[in-house]
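Open the structure in your viewer and keep the selection tool handy. We will go stop by stop, and each stop tells you what to select and what to look for.

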Amino acid sequence: MKNQKENKAIIMIEFQNDWLSANGSLNAFMQDREQFTNSVINGKKALEYARAKNWHVVHVGYFFKDGYPELGEKQEGMWGLIKQTQTFKIGNTGSEYHSDFIPIKGEFEVSGRTGVSAFSGSNLDAYLRNNNIQEIYLAGYALHACVESTFRDAHDKGYYATVISDACATFNKEIKDNFLQNIVYAFGKQQTTEELIVNI
């Protein structure tokens, strides 16, 4: 008989090669290399902890068809950046999950995502609700964009969300500090990986 999972989930956002591989098309955007390296190390620790505690593990990526028909003609904002950098194309190694973060049997891979938030157009909300999960923990990239958008969306959908601050990264320290100091409090909580492991 399978062990009953905890009603908590860790949501791993875009731990894909376009971010994490040295030659990934988005890797160079991470100007603060120490912050970025630490986010990978702590992302692995947080994932290992969630697996050991039998949490629900949810993997969220971007996966676009050639030519990005899902994104239409818009060239501004996130869609413009994705098209410009040619990221997350189905069939390219860049869209694959990095070797340290490959989903294992029993872990959920979100599908249908079309927006910046992991909830946008996807089956994430249905999965969480159908498994009676209210408490979620977010890790991934980029902190000020996809993680933040998911965090805000989770708040409005009634989830109790925590950002694992050092298992996320964004382009530089200034952007990250602004998010942690001025935005988090309005939508949920933040914890470091060490605080997560010690306090739960």
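Helices and strands here are DSSP runs, numbered from the N terminus, with at least four residues for a helix and at least two for a strand. Please keep in mind that this is a predicted model.

**Stop one: N172.** Select N172, which sits in the loop between β5 (160-168) and α6. Now show its surroundings: leaving aside residues up to four places away in sequence, N172 touches Q31, D32 and Q35. For a sense of scale, add I136 to the selection. N172 and I136 are 36 residues apart in sequence, and their C-alpha atoms are 25 Å apart in space.

**Stop two: the helix pair.** Next, select residues 143-156 for helix α5 and residues 173-182 for helix α6. How do these two helices pack? Their angle is about 15°, and their axes are 11 Å apart. Angles under 35 degrees count as roughly parallel, so α5 is roughly parallel to α6. The crossing of α5 past α6 is right-handed. To see the contact itself, show side chains for L143, H144, E148 and F151 in α5, which meet I175, K176 and F179 in α6. Sorted by class, this contact has 4 nonpolar, 1 polar and 2 charged residues.

**Stop three: a cis peptide bond.** Step back along the chain to Y141 and A142. Is the peptide bond between Y141 and A142 cis or trans? The bond is cis, with omega near -25°. A142 belongs to the loop between β4 (135-140) and α5.

**Stop four: Y68.** Select Y68, in the loop between β2 (56-60) and α3 (77-85). Check its backbone: phi is positive, about 55°, although Y68 is not a glycine.

**Last stop: the largest pocket.** Turn on a surface and look for the largest pocket, which holds about 170 Å³ of space. Among its 11 lining residues, select K5, N54, K105, G106 and E107, the closest to the pocket centre. Colour the whole lining by class and you will find 4 nonpolar, 2 polar and 5 charged residues.

Methods:
Residues are numbered from 1 along each chain as its sequence is written. This is a predicted model: local features need pLDDT of at least 70, side-chain atom pairs count only at pLDDT 80 or more; totals for chains, interfaces and linings use all residues. Side-chain values use heavy atoms; hydrogens and water are left out. Axes are lines fitted to C-alpha atoms, for helices over the stretch in contact, and angles run from 0 to 180 degrees between N-to-C directions. Angles under 35 degrees count as roughly parallel, over 145 as roughly antiparallel, 65 to 115 as roughly perpendicular and the rest as oblique. A crossing is left-handed if the near helix is turned anticlockwise from the far one by less than a right angle, and right-handed if clockwise. Contact means heavy atoms within 4.5 Å. Ala, Val, Leu, Ile, Met, Phe, Trp, Tyr, Cys and Pro count as nonpolar, Asp, Glu, Lys and Arg as charged, and the others, Gly among them, as polar. On a 1 Å grid over the protein atoms alone, a cavity is a set of points where a 1.4 Å probe fits but cannot get out, and a pocket is an open set with protein on both sides within 12 Å along at least five of seven lines; lining residues have an atom within 4 Å of a point. Grid points are joined across faces, edges and corners, and a volume is the space filled by probe spheres set on the points.
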